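Open the model in your viewer and keep the selection panel at hand. This tour goes from stop to stop, telling you what to select and what you will find there.

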Amino acid sequence: MYLTNKKVAVLGAAGAIGSNLVQDLLSTGTACNIAMYDPLAGPLEGAAEEIYHCAYPGASVMWTTDQAEALSNASYVITSGGAPRKEGMTREDLLRGNCEIARDLGEAIRRNCPEVEFVIVIFNPADVTGLTTLVNSGLAPGKVTTLAALDSTRLQTRLAQHFGVPQDEVTGCKTYGGHGEKMAVFKGGTKVCGVPLDDLLGGATVNGKGLSQEEWAQIQEHVRGGGARIIKLRGRSSYQSPAHQSVEMLRARIRGGDYPWPCGAYFKDGPFANVMMAADVDWTPEGIVGRIPQGSPEDMAALQESYEHLCKLRDEIIAAGLLPPLSDWKAVNPHL
Ligand SMILES: NC(=O)c1ccc[n+]([C@@H]2O[C@H](COP(=O)([O-])OP(=O)(O)OC[C@H]3O[C@@H](n4cnc5c(N)ncnc54)[C@H](O)[C@@H]3O)[C@@H](O)[C@H]2O)c1
């Protein structure tokens with residue numbers, strides 16, 4: 001009845017994303033054996049009670065304030081357990097505090113579930129918290145990813161709104177690199193009702209509408225500010241879309257693919273080495289393998305800038321003592 005009976009540990013489960021995620025795991029028929037963890041006992045019990053009151057058939061959901069208990073024998077871990085952004089903050093304002101949580105989480109995974117098959121890190125800045133978790137966990141890079149889809153789904157949304165077409169008529173939307181204000185919003189393979197974005201920028205129309213260079217630049221800017229806009233509109237950071245897309249990623253891991261959006265991937269070598277960043281991935285029995293993004297010189301220049309920014313954030317975390325120096329990574333995690 002459910003896609004998997006294996007244990008899924010959801011961390012940050014009292015929070016907005018975590019509690020919605022547990023509901024989504026059950027509502028989509030993805031997983032029924034769930035451990036909910038959060039340090040806040042009252043809200044956690046409340047979130048678990050709500051799930052029990054949904055009365056999902058066949059569900060086996062437990063809650064605990066003991067992270068080791070939640071992680072023990074987990075096959076999958078999904079974590080939104082960290083501080084969210086408030087209005088006026090960037091994702092990077094969360095850097096130090098959330099990377100400390102990520103370092104401890106990596107060590108807890110190493111102790112309690114070294115055989116885990118897949119870890120999805122959501123809490124921000126996700127590229128850096130995901131990297132910190134990976135290095136400290138000792139896991140192979142294909143087993144740790146970050147939620148990186150929302151910038152691309154925001155691009156799809158905005159283009160559909162611009163052309164007045166159904167959202168799924170906009171295909172191939174991709175943002176790569178960092179999940180932050182310095183993300184690279186690619187023109188790449190984006191098409192609107194089958195018409196490539198390059199043709200639209202060159203004068204083609206869809207639904208009677210064209211796209212000027214200026215409008216494209218505004219759309220890219222809108223996408224970069226997509227998360228901040230939700231905070232402004234709702235008074236809190238987005239939670240429905242991250243919960244849903246994380247569950248879609250887990251479904252892809254279990255099925256072995258069929259996920260159209262970029263995911264956080266670690267590159268061991270090549271032009272984007274030693275960071276975790278949004279990229280297309282192949283889904284293999286061992287986990288994900290990132291593909292180096294390809295694009296026009298303009299797209300690749302934006303990606304290079306985004307990569308350099310990620311390196312800077314990574315180096316800040318190394319300087320803060322939350323990640324070992326690059327030269328020691330292999331000793332801490334032989335897979336790197
Ligand atoms: N990657 C993305 O696309 C994306 C999108 C939206 C939000 N986020 C991020 O997700 C995170 C969670 O957002 P939210 O709206 O659910 O916040 P929230 O405040 O509603 O929930 C966070 C929960 O984490 C718990 N927590 C705190 N420290 C913890 C720890 N060490 N281990 C486990 N849990 C801990 C808190 O008690 C709280 O219940 C934030 O960092 C937010 O910025 C990421």
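When linings are sorted by class on this tour, Ala, Val, Leu, Ile, Met, Phe, Trp, Tyr, Cys and Pro count as nonpolar, Asp, Glu, Lys and Arg as charged, and the others, Gly among them, as polar. Please keep in mind that this is a predicted model.

**The whole chain**

Start with a cartoon view of everything. You should find twelve helices and 14 strands. The radius of gyration is 20 Å, close to the 20 Å that the globule rule gives for 336 residues, so the chain is as compact as a globular protein of that length. Along the principal axes, the C-alpha atoms fill a box of roughly 60 × 50 × 40 Å. Buried residues make up 53% of the 336 in the chain. If you look at contacts between residues at least 6 apart in sequence, 71% of them join residues at least 24 apart.

**The nonpolar cores**

Next, select Leu 21, Leu 25, Leu 26 and Met 36. These are the residues with the most contacts inside the largest nonpolar core, which has 70 residues. Now keep Leu 21 alone and show what surrounds it. Setting aside neighbours within four places in sequence, Leu 21 is in contact with Val 10, Ile 78, Ile 122, Ala 243, Ser 246 and Val 247. Another core, of 34 residues, lies apart from the largest one; Leu 95, Phe 123, Val 135 and Val 144 are among its members. In soluble globular proteins, nonpolar side chains tend to be buried together.

**The largest pocket**

Switch on a surface and select Ser 80, Gly 81, Gly 82, Ala 83 and Phe 123. Of the 38 residues lining the largest pocket, these lie nearest its centre. The volume of this pocket is about 750 Å³. To see which helices contribute, colour α1 (16-27), α4 (95-112), α6 (150-163) and α9 (226-234): each supplies at least two lining residues. Sorted by class, the lining of the largest pocket has 19 nonpolar, 13 polar and six charged residues.

**The second largest pocket**

Now move to Arg 154, Thr 157, Gly 226, Arg 229 and Ile 230, which are the closest to the centre of the second largest pocket among the 14 residues that line it. This pocket holds about 290 Å³ of space. Helices α6, α8 (213-224) and α9 each give two or more residues to its lining. Which of them gives the most to this lining? Select α6 to see the answer, with six residues. By class, the lining of the second largest pocket divides into four nonpolar, seven polar and three charged residues.

**Two cavities**

Turn the surface off and look inside, where there are two cavities of 30 Å³ or more. The largest has about 50 Å³ of space. Its lining includes Glu 92, Pro 125, Asp 127, His 179 and Leu 310. Helix α11 (residues 297-319) gives the most to this lining, with four residues. The lining of the largest cavity divides into four nonpolar, five polar and three charged residues.

The second largest cavity has a volume of about 30 Å³. Select Asp 127, Val 128, Leu 131, Val 275, Met 276, Leu 310 and Arg 314 to show its lining. Here the largest share, three residues, comes from α5. The class split for this cavity is five nonpolar, no polar and two charged.

**Backbone stops**

Return to Pro 125, in the loop between β5 (118-121) and α5. The peptide bond from Asn 124 to Pro 125 is cis, with omega near -10 degrees.

Then visit two asparagines. Asn 207 sits in the loop between α7 (197-201) and α8, and has a positive phi of about 55 degrees. Asn 274 lies in the loop between β12 (263-266) and β13 (276-284), with a positive phi of about 65 degrees. Most residues other than glycine have a negative phi, and most peptide bonds are trans. Are these two asparagines buried or exposed? Asn 207 counts as exposed, at 54% relative accessibility, while Asn 274 is partly exposed, with a relative accessible area of 22%.

**Last stop: Gly 58**

Finish in the loop between α2 (41-54) and β3 (60-64), where you will find Gly 58. At 61% relative accessibility, Gly 58 counts as exposed because the cut-off is over 50%. Not counting residues up to four places away in sequence, Gly 58 touches Tyr 2 and Cys 32. Draw a distance from Gly 58 to Met 1: they are 57 residues apart in sequence and 8.4 Å apart in space, C-alpha to C-alpha.

How values were computed: Residues numbered from 1 in each chain as written. Predicted model: local features only at pLDDT ≥ 70, side-chain atom pairs only at ≥ 80, totals over all residues. Heavy atoms only, no water. 1 Å grid on protein atoms, 1.4 Å probe; cavity = no way out; pocket = protein on both sides within 12 Å on 5 of 7 lines; lining within 4 Å. Points joined across faces, edges and corners; volume = space filled by probe spheres on them. Core = buried A, V, L, I, M, F, W, Y, C linked by side-chain atoms within 4.5 Å. Buried < 20%, exposed > 50% of the residue type's maximum accessible area, 1.4 Å probe, protein only. Contact = heavy atoms within 4.5 Å. Rg over C-alpha atoms; globule rule 2.2 N^0.38 Å.
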